[in-house]
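Me: Can you take a close look at one part of this model for me? I'd like a connected walk-through, not a list.

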Amino acid sequence: MGGEAGECRHDLSDEPAKNSWASRPDHGLMNPVQRHVPYVPFLQNPKSIISFQGKEVKLRCSIQVMGELPEINWQRDGALYQADVNQVLVPVSDDEWLAISELSIPSIHRTDAGSYRCITSVKGREIISKEAQLEIEGESLTL
């Protein structure tokens with residue numbers, strides 16, 4: 001498996017199971033049972049950026065999953081971040097999708113500084129990308 005986004009495929013059927021709870025039909029008690037929960041890392045994590053105030057900044061992440069259409073959300077400093085996000089879903093096969101999300105901040109300000117990451121849900125499990133730091137330096141130079 002190489003480092004290129006197109007080379008990484010995730011077959012969710014070979015991943016380890018995780019305990020969950022289910023009721024037993026014989027007397028209604030709760031017992032642990034095994035259910036399938038995949039581990040799917042982000043193929044591309046957002047990269048840290050140092051930029052000048054007033055400049056445009058774009059952060060990008062991508063993930064490839066089987067089965068469901070993933071929706072990628074963004075967090076800043078651990079909280080859901082609402083901003084201009086462009087998401088593209090590319091079919092890789094009949095049951096496999098590549099999701100690419102790009103967060104665009106057209107004119108950054110000091111208040112935009114912080115840690116950013118992508119977050120999605122795959123088969124009920126939350127998947128979180130690595131964090132990227134956005135740092136703002138000085139004022140934009142306009143000529």
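In what order do the three strands of the open sheet come, and is the pairing parallel or antiparallel?

Reply: A quick word on the ground rules before the sheet. This is a predicted model, so local features need pLDDT of at least 70 and side-chain atom pairs count only at pLDDT 80 or more, while totals for chains, interfaces and linings use all residues. Residues are numbered from 1 along each chain as its sequence is written, and side-chain values use heavy atoms, with hydrogens and water left out.

Now the sheet: the order is E4-E8-E7, with antiparallel pairing in an open sheet of three strands. Strands here are DSSP runs of E with at least two residues, helices are runs of H or I with at least four, and both are numbered from the N terminus; two strands pair if DSSP finds at least two bridges between them. E4 and E7 (84-93) sit at the edges with a single partner strand each, so one side of each has no neighbour in the sheet. From one strand to the next, the twist averages 15°, taken between lines fitted to C-alpha atoms, with angles running from 0 to 180 degrees between N-to-C directions.

Zoom in on E4 (residues 57-66) and you'll find seven of its ten residues buried, so this strand is largely enclosed by the rest of the structure. Buried means under 20% relative accessible area, exposed is over 50%, and partly exposed lies in between (1.4 Å probe, protein chains only). E4 pairs with E8 (residues 96-105) over ten bridges, in the antiparallel sense. Two facing pairs let you trace the register: Val57 stands opposite Ile105 in E8, and Val65 stands opposite Trp97 in E8. As a rule, side chains in a regular strand alternate between the two faces of the sheet.

Stepping back, the protein has eleven strands and zero helices. Buried residues make up 31% of its 143 residues. Of the contacts (heavy atoms within 4.5 Å) with a separation of 6 or more, 59% join residues 24 or more positions apart.

Two loop residues are worth a look in your backbone plots. Asp77, in the loop between E5 (73-76) and E6 (79-80), has phi near 50°, a positive value in a residue other than glycine. Lys123 also has a positive phi near 50°; this residue lies in the loop between E9 (114-122) and E10 (125-128), and its 39% relative accessibility makes Lys123 partly exposed.
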